[in-house]
Amino acid sequence: MTGVPASAAGGSARAKATAPAADVSDASDVSGASGAGVSAAVTGRSSSSSSGPATGPDTDGSAGKAPRGKKIAAAAVNQASVWNIANLLTMLRLILVPGFVALMLADGGYDPAWRSLAWAAFAIAMITDLFDGHLARTYNLVTDFGKIADPIADKAIMGAALICLSYLGDLPWWVTIVILGRELGITLLRFIVIRYGVIPASRGGKLKTLTQGVAVGMYVLALTGWLATLRWWVMAAAVVLTVVTGLDYVRQAIVLRRQGIAARRAATQETTEENQA
């Protein structure tokens with residue numbers, strides 16, 4: 001007889017039995033746990049078994065690893081895939097841009113049939129613009145790709161339509177310059193003041209987008225008579241809303257910047273006073 005206590009022998013056996021299971025679970029962990037963490041977990045179980053039966057959650061290692069596994073699973077769920085419905089709609093809008101231009105300029109750009117097809121492509125693009133952002137926010141599908149691609153797709157389809165209309169002589173170039181200049185300027189302004197905060201989309205901005213879409217859509221169609229006169233007034237309203245909301249965004253940006261600078265100065269002064277005290 002070697003004089004080894006039965007409890008110690010049983011503890012060693014349990015440690016040997018549970019160590020491979022721990023290695024397997026760590027190997028399948030998508031988060032890529034470090035080797036030091038694995039060895040520490042195994043060492044902790046071995047030492048606890050040699051000193052006596054463990055009473056905490058580390059007896060078999062499963063209870064101690066469950067919270068970490070749950071956190072990893074939650075993080076994986078929260079990381080929305082790039083290939084979600086919201087981003088697919090944005091990609092569709094980007095693909096529609098060259099198709100719209102081809103349809104708009106087909107056969108000299110004045111064929112009513114081609115213009116109707118171009119209007120259909122433009123309408124689909126504008127409708128998807130209404131849904132992709134809502135879907136992304138509602139179902140937590142916001143991704144870095146969507147944040148970048150969505151505004152690009154919006155500006156691309158609207159810019160392509162305005163430039164084509166002005167190129168064909170249906171819309172004065174100054175209208176295209178005012179609308180596109182405002183859109184690009186406000187986008188740049190948002191990036192400039194983003195360190196102080198985010199300028200939220202206003203109701204006026206949403207109304208501007210809707211009015212622009214209706215006006216441009218009416219110009220894409222080969223309308224005549226009173227409908228041609230009506231589209232002129234709708235475009236005039238879109239231009240006015242474009243300018244007014246643009247000025248309002250500039251005002252918001254100035255206020256946001258002043259508030260951000262004041263908050264930073266207050267924080268710096270508070271920190272200085274605490275250090276002096």
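**Helix packing and two buried residues**

In this predicted model, helix α4 (residues 85-105) and helix α5 (residues 112-138) have axes that come within 9 Å and cross at roughly 160 degrees. Because angles over 145 degrees count as roughly antiparallel, α4 is roughly antiparallel to α5. The crossing of α4 and α5 is left-handed, and the contact of α4 with α5 comprises, by class, 18 nonpolar, 2 polar and 4 charged residues.

Lys208, which is found in helix α8 (residues 203-220), has a relative accessibility of 5% and therefore counts as buried, the cut-off for that class being under 20%. Its side chain takes part in polar contacts with two other side chains: that of Glu183, at 2.8 Å, and that of Thr209, at 3.4 Å. When residues up to four places away in sequence are not counted, Lys208 touches Arg182, Glu183, Leu241, Thr242 and Thr245, so that Glu183 appears both as a polar-contact partner and among the residues touched by Lys208.

Gly246 lies in helix α9 (residues 226-276) and likewise counts as buried, because its relative accessibility is 9%. With residues up to four places away in sequence again not counted, Gly246 touches Arg182, Ile186 and Leu241; of these, Arg182 and Leu241 are also touched by Lys208. The C-alpha atom of Gly246 is separated by 8.6 Å from that of Gly185, although the two residues are 61 residues apart along the chain.

Notes:
Residues numbered from 1 in each chain as written. Predicted model: local features only at pLDDT ≥ 70, side-chain atom pairs only at ≥ 80, totals over all residues. Heavy atoms only, no water. Axes fitted to C-alpha atoms, helices over the stretch in contact; angles between N-to-C directions. Helix = DSSP H or I, 4+ residues; strand = E, 2+ residues; numbered from the N terminus. Parallel < 35°, antiparallel > 145°, perpendicular 65-115°, else oblique. Left-handed = near helix turned anticlockwise from the far one by under 90°. Nonpolar A, V, L, I, M, F, W, Y, C, P; charged D, E, K, R; others polar. Buried < 20%, exposed > 50% of the residue type's maximum accessible area, 1.4 Å probe, protein only. Contact = heavy atoms within 4.5 Å. Polar contact = N/O pair within 3.5 Å; in protein donor to acceptor, adjacent residues only side chain to side chain.
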